[in-house]
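Here are a few short exercises to work through with the model open beside you. Take each task first, then follow the solution step by step.

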Amino acid sequence: CKVCPLGFSQSDEGFAFCYPCVPGRAQPEREQWNCSSCEPGFYAGETQQQSCKECRPGKYVDFKEASKCIPCSRGTTTNETAKAECRECEAGYFQSNSGNTSCDACPRGWAVEYSGAPRCNPCSAGTIASAPASDTCESCAIGRFQDAPQNRTCLQCPQGFDNTNLGATSCAGIPPGSYYNTSLNTSRSCEKGFKCEGTDNGRTACPPGSYSSVVGSVSCTLC
């Protein structure tokens with residue numbers, strides 16, 4: 001009797017032939033009664049295979065007897081061979097195509113807060129991402145603003161303008177009776193003894209012979 005060659009097997013006696021290993025199975029030895037199943041991470045794409053092949057980087061298979069490997073889905077990657085699973089991109093990273101070996105960092109002005117993302121989200125107006133691979137967009141600080149999305153920096157309110165909220169998309173003119181305090185970086189009501197005409201006029205002390213006895217005065221009163 002002849003022995004079954006590599007890539008073939010026969011489990012019964014009295015046969016004049018051997019069975020070829022089917023896709024997903026292989027036999028690296030002669031005179032064997034059965035073909036071996038390919039393990040997860042390996043495949044055999046044709047019949048009569050002597051060995052199972054490793055899944056290439058960017059692909060995986062998570063079950064036995066696979067005839068082909070599966071491309072990593074969007075938002076997942078693997079840069080190794082013979083993998084039974086792909087890894088999700090971390091927060092701040094993404095992959096928009098399937099079958100890839102690495103994730104891309106979100107560009108400045110974009111962010112993603114969850115893992116396995118196929119894309120990043122643009123920072124909305126009033127928020128920014130100053131660094132690549134950001135997992136959150138940061139709100140502009142009080143006294144600063146950003147009126148457009150997808151930005152990496154906030155802008156300082158111009159002289160005579162201010163805002164009082166985080167994440168502002170604009171600044172408002174400082175109203176009469178108030179002024180911009182450069183030490184505190186915010187607008188303040190005009191103190192007694194001063195007059196404040198608003199916007200970029202600042203705070204002016206009442207000249208000799210005049211006074212202001214209330215907070216928020218826009219003018220001084222003659223004595």
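A disulfide is counted where two cysteine sulfur atoms lie within 2.5 Å. Keep in mind that this model is predicted.

**Exercise 1.** Work out why C223 has no disulfide bond to C206.

*Solution.* Start with the cut-off: the sulfur atoms must be within 2.5 Å. Next, take the cysteine sulfur closest to that of C223, which belongs to C206 and is 9.0 Å away. That is too far for a bond. Finally, look at the surroundings: C223 is exposed, with 76% relative accessible area.

**Exercise 2.** Describe the link between C55 and C69.

*Solution.* First, the distance: the two sulfurs are 2.0 Å apart, and a disulfide joins them. Second, the twist: -85 degrees about the S-S bond makes the link left-handed. Third, the location: C55 sits in the loop between β6 and β7, and C69 in the loop between β7 and β8, 14 residues apart. Last, the cover: C55 is buried at 0% relative accessibility, and C69 is buried at 12%. By the distance rule, the count for the model comes to twelve disulfides.

**Exercise 3.** Is the chain a compact globule or more spread out?

*Solution.* Begin with the elements: the chain has 26 strands and zero helices. Then compare the radius of gyration, 36 Å, with the 17 Å that the globule rule gives for 223 residues; the value is well over the rule, so the chain is more spread out than a compact globule. As a check, the C-alpha trace spans about 130 × 20 × 15 Å along its principal axes.

Conventions: Residues are numbered from 1 along each chain as its sequence is written. This is a predicted model: local features need pLDDT of at least 70, side-chain atom pairs count only at pLDDT 80 or more; totals for chains, interfaces and linings use all residues. Side-chain values use heavy atoms; hydrogens and water are left out. Helices (H or I, at least four residues) and strands (E, at least two) are DSSP runs, numbered from the N terminus. The radius of gyration is taken over C-alpha atoms; the globule rule is 2.2 Å times the number of residues to the power 0.38. Buried means under 20% relative accessible area, exposed over 50%, partly exposed in between (1.4 Å probe, protein chains only).
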